[in-house]
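Trainee: I would like a close look at a single part of this model, taken slowly, with its surroundings added afterwards. Please start with the open spaces and then go on to the residues and pairings elsewhere in the chain.

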Amino acid sequence: MKKVEIFTDGACKGNPGPGGWGVLLRMGKHEKEMAGSEPDTTNNRMEMTAVIKALEALIEPCEVVIHTDSRYVIDGMTKWIAGWKRNGWINSSKKPVRNADLWHELIDAIKRHKVEWQWVRGHNGHVENERVDRLASDAASEAGRAAR
């Protein structure tokens with residue numbers, strides 16, 4: 001099974017507002033950058049979208065280490081999701097889980113892969129995190145300009 005490192009970030013200019021996501025895929029010496037945007041979204045949705053897009057870009061099942069500065073994504077996938085499923089996608093506040101559409105997409109996206117989650121402190125000089133932050137931020141800025 002191929003081993004892939006994935007670095008992701010999301011950004012939003014206003015929350016909600018124009019948003020962007022950035023991804024760096026690395027397998028050995030090979031790297032691929034990806035980015036995208038939405039005109040009206042939230043930071044959490046962009047963080048999730050970055051991971052989904054990265055996983056969907058993998059052609060075959062892989063061993064994946066996902067590096068993200070989003071506790072929301074990591075905690076959602078490693079701590080909260082089992083309870084949400086058990087409780088019919090109702091959270092601990094007895095309200096529908098926010099971003100359930102993207103949680104379902106993320107669940108589907110990881111099915112083929114062996115995934116390890118790695119938290120990275122954002123805006124702390126981590127080279128790859130700074131790189132994907134720039135991709136996400138630039139995409140969000142572009143979405144903001146396009147919306148005017």
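Mentor: Let us begin with the second largest pocket, whose volume is about 190 Å³, and keep in mind throughout that this is a predicted model. Its lining is made up of Tyr 72, Trp 80, Trp 84, Asn 91, Ser 92, Ser 93, Lys 95, Pro 96, Val 97 and Arg 98, and you can find each of these residues in the view by its number. When the lining is sorted by class, five of its residues are nonpolar, three are polar and two are charged.

The largest pocket can be described in the same manner, for it holds about 290 Å³ of space. It is lined by 13 residues, and those closest to its centre are Val 4, Leu 25, Met 27, Ala 57 and Leu 58. At least two lining residues come from each of strand S1 (2–12), strand S2 (17–27) and strand S3 (30–41). Its lining has seven nonpolar residues, one polar residue and five charged residues.

Val 4 and Leu 58, which belong to the group closest to the centre of the largest pocket, lead us on to Val 64, because both of them appear among its contacts. Val 64 is part of strand S4, and with a relative accessible area of 1% it is buried, since anything under 20% counts as buried. Once neighbours within four places in sequence are set aside, Val 64 is in contact with Val 4, Ile 6, Leu 55, Leu 58, His 113, Lys 114, Val 115 and Glu 116. The pairing with Val 4 deserves a second look, as the two residues stand 60 apart in sequence, yet their C-alpha atoms are 4.9 Å apart in space.

Further along strand S4, which covers residues 62–68, we meet Thr 68. Its relative accessibility is 0%, and so Thr 68 counts as buried. A polar atom of the Thr 68 side chain lies 3.0 Å from the backbone nitrogen of Ser 70. Beyond four places in sequence, Thr 68 touches Thr 8, Glu 47, Ile 74, Gln 118, Trp 119 and Val 120.

Thr 8 and Val 120 also turn up among the residues touched by Asn 129, together with Asp 69, Arg 121, Gly 122 and His 123, when residues up to four places away in sequence are not counted. Asn 129 is located in helix H4 and, at a relative accessible area of 3%, it is buried. Between Asn 129 and His 67 there are 62 residue positions in sequence, while the distance in space is 8.0 Å from C-alpha to C-alpha.

Charged pairs form the last part of the picture. Side chains of opposite charge can pair when their charged atoms come close. A search of the whole structure finds 13 salt bridges, and one of them joins the side chains of Glu 60 and Lys 2, with 3.5 Å from N to O. Glu 60 sits in the loop between helix H1 (43–56) and S4, whereas Lys 2 is in strand S1, so this pair ties together parts that are 58 residues apart in sequence. Both ends are partly exposed, Glu 60 with a relative accessible area of 35% and Lys 2 with 39%.

Another salt bridge joins Asp 101 to Arg 45, where the closest N and O atoms are 2.8 Å apart. This pair links distant parts of the chain, for Asp 101 belongs to helix H3 (residues 100–110) and Arg 45 to helix H1, 56 residues away. Asp 101 is partly exposed at 39% relative accessible area, and Arg 45 is partly exposed at 21%.

The salt bridge between Glu 142 and Arg 145, with its closest N and O atoms 2.9 Å apart, lies within a single element. The two residues are three places apart in helix H4 (residues 127–147), which means that about one helical turn separates them. Glu 142 is partly exposed, with 44% relative accessible area, and Arg 145 is partly exposed as well, with 46%. Finally, salt bridges can also be followed through a network, which here links Glu 5, Arg 26, Glu 31, Glu 33, Glu 128 and Arg 131.

Note on methods
Residues numbered from 1 in each chain as written. Predicted model: local features only at pLDDT ≥ 70, side-chain atom pairs only at ≥ 80, totals over all residues. Heavy atoms only, no water. Helix = DSSP H or I, 4+ residues; strand = E, 2+ residues; numbered from the N terminus. Buried < 20%, exposed > 50% of the residue type's maximum accessible area, 1.4 Å probe, protein only. Polar contact = N/O pair within 3.5 Å; in protein donor to acceptor, adjacent residues only side chain to side chain. Contact = heavy atoms within 4.5 Å. 1 Å grid on protein atoms, 1.4 Å probe; cavity = no way out; pocket = protein on both sides within 12 Å on 5 of 7 lines; lining within 4 Å. Points joined across faces, edges and corners; volume = space filled by probe spheres on them. Nonpolar A, V, L, I, M, F, W, Y, C, P; charged D, E, K, R; others polar. Salt bridge = Lys/Arg side-chain N within 4 Å of Asp/Glu carboxyl O.
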